[in-house]
Amino acid sequence: IPMFVKMTTDQDPEKLEEVSAQQYFEYWLRLKNAGIPTVPTMRIISENEIIMTDLTADGSHIYGKHTRTGKVTLEDRKLLDIDLDEVKLKCQEIVKAANDAEILLPGDDDAFTLIISPNGEWKIIVLDTTPRFHELLGESTSPELRSDLHEKSVHRFIEILGKIRENVSRL
């Protein structure tokens, strides 16, 4: 299984400045145990490093907050064939699982990632397994707030994919 190393240190103001590999791993494990699609394999290799499955080793492309929209590839064109309503339904299934397990998903523009394989199959996963600040402090989020934040995440993700598709369709 192709793997890559990721540093777990993060400077995002919404998150702790330092997230240990153990905290990163424990959040990932919570996602997996709740049946939320995420990276298949993760291991701690040092205090601030984890090794995880390389989701692009088979030629798959990843779409989300940090997607590039420059050079168009065959996989980018495949994005135009994906029904965003179906993507939204998959995201809502993840949200339901997270709400049921009382898990707060990552930030509102980073909760979901679309992966398109070379054969055109696609899936939605939670790729960012950095827990939010209050998750690390052990504070619970009310079900209403958690649900509201998750719905905003779905809306934002569909908006991001729409913009990426718009850029791809122009090229």
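The questions below ask how certain descriptions of this predicted model follow from its computed values.

Q: What makes up the secondary structure of the chain, and in what order do the elements run?
A: The chain comes to 5 helices and 6 strands, and from the N terminus on these elements run β-α-β-β-β-α-α-β-β-α-α.

Q: Why is D128 called buried?
A: Buried means under 20% relative accessible area, and D128 has a relative accessible area of 11%, so D128 counts as buried. This residue lies in the loop between β6 and α4 (133–136), and its C-alpha atom is separated by 6.8 Å from that of A111, which is 17 residues apart from D128 along the chain.

Q: Why is E102 called exposed?
A: The word exposed is kept for a relative accessible area over 50%, and because E102 has 55%, E102 is exposed. E102 lies in the loop between α3 (84–100) and β5 (113–116), and its phi is near 55 degrees, a positive value in a residue other than glycine.

Q: What makes A101 partly exposed, as opposed to buried or exposed?
A: Buried requires a value under 20% and exposed a value over 50%, with partly exposed in between; A101 has 34% relative accessibility and therefore counts as partly exposed. A101 is found in the loop between α3 and β5.

Q: How do you know that A101 is in contact with R30, and what separates these residues in sequence and in space?
A: Contact means heavy atoms within 4.5 Å, and, leaving aside its neighbours within four places in sequence, A101 is in contact by this criterion with R30 and A34. A101 and R30 are 71 residues apart in sequence, while their C-alpha atoms are 8.6 Å apart in space; the contact cut-off refers to heavy atoms, so the C-alpha value does not contradict the contact.

Q: How do you know that β1 and β3 are paired strands?
A: Two strands pair if there are at least two bridges between them, and 5 bridges join β1 to strand β3 (residues 49–53), so these antiparallel strands meet the requirement. Bridge partners include K6 with I50 of β3, and M3 with T53 of β3.

Q: How do you know that β2 and β3 pair, and in which sense?
A: With at least two bridges required for pairing, the 4 bridges between β2 and β3 are enough, and the pairing is antiparallel. A hairpin joins β2 to β3 through 2 residues, and I44 has I50 of β3 as its bridge partner.

Q: Why are β1 and β2 said to stand at the edges of their sheet?
A: In this open sheet 3 strands follow the order β1-β3-β2 with antiparallel pairing. β1 (3–7) and β2 (42–46) each have a single partner strand, so one side of each is left without a neighbour in the sheet. Neighbouring strands of this sheet are turned by 30 degrees against each other on average, direction ignored. Helix α1 (residues 21–33) packs on the sheet, touching β1, β2 and β3, and its direction makes about 175 degrees with that of β2.

Q: Which strands are the edge strands of the sheet with the order β4-β5-β6?
A: This open sheet of 3 strands has antiparallel pairing, and its edge strands are β4 (61–63) and β6 (122–125), each of which pairs on one side only. The twist averages 25 degrees from one strand to the next.

Q: How do you know that β5 and β6 pair?
A: The requirement is at least two bridges, and β5 and β6 have 4 in the antiparallel sense, so they count as paired. I116 stands opposite W122 in β6, and T113 has I125 of β6 as its bridge partner. The hairpin of these strands has 5 residues between them, and there G120 takes a positive phi near 95 degrees.

Q: How do the residues that line the second largest pocket divide into nonpolar, polar and charged?
A: The lining divides into 3 nonpolar, 2 polar and 4 charged residues. Its members are D54, L55, D58, S60, I115, S117, E121, W122 and K123; Leu, Ile and Trp count as nonpolar, and Asp, Glu and Lys as charged. The volume of this pocket is about 150 Å³.

Key. Residues are numbered from 1 along each chain as its sequence is written. This is a predicted model: local features need pLDDT of at least 70, side-chain atom pairs count only at pLDDT 80 or more; totals for chains, interfaces and linings use all residues. Side-chain values use heavy atoms; hydrogens and water are left out. Axes are lines fitted to C-alpha atoms, for helices over the stretch in contact, and angles run from 0 to 180 degrees between N-to-C directions. On a 1 Å grid over the protein atoms alone, a cavity is a set of points where a 1.4 Å probe fits but cannot get out, and a pocket is an open set with protein on both sides within 12 Å along at least five of seven lines; lining residues have an atom within 4 Å of a point. Grid points are joined across faces, edges and corners, and a volume is the space filled by probe spheres set on the points. Buried means under 20% relative accessible area, exposed over 50%, partly exposed in between (1.4 Å probe, protein chains only).
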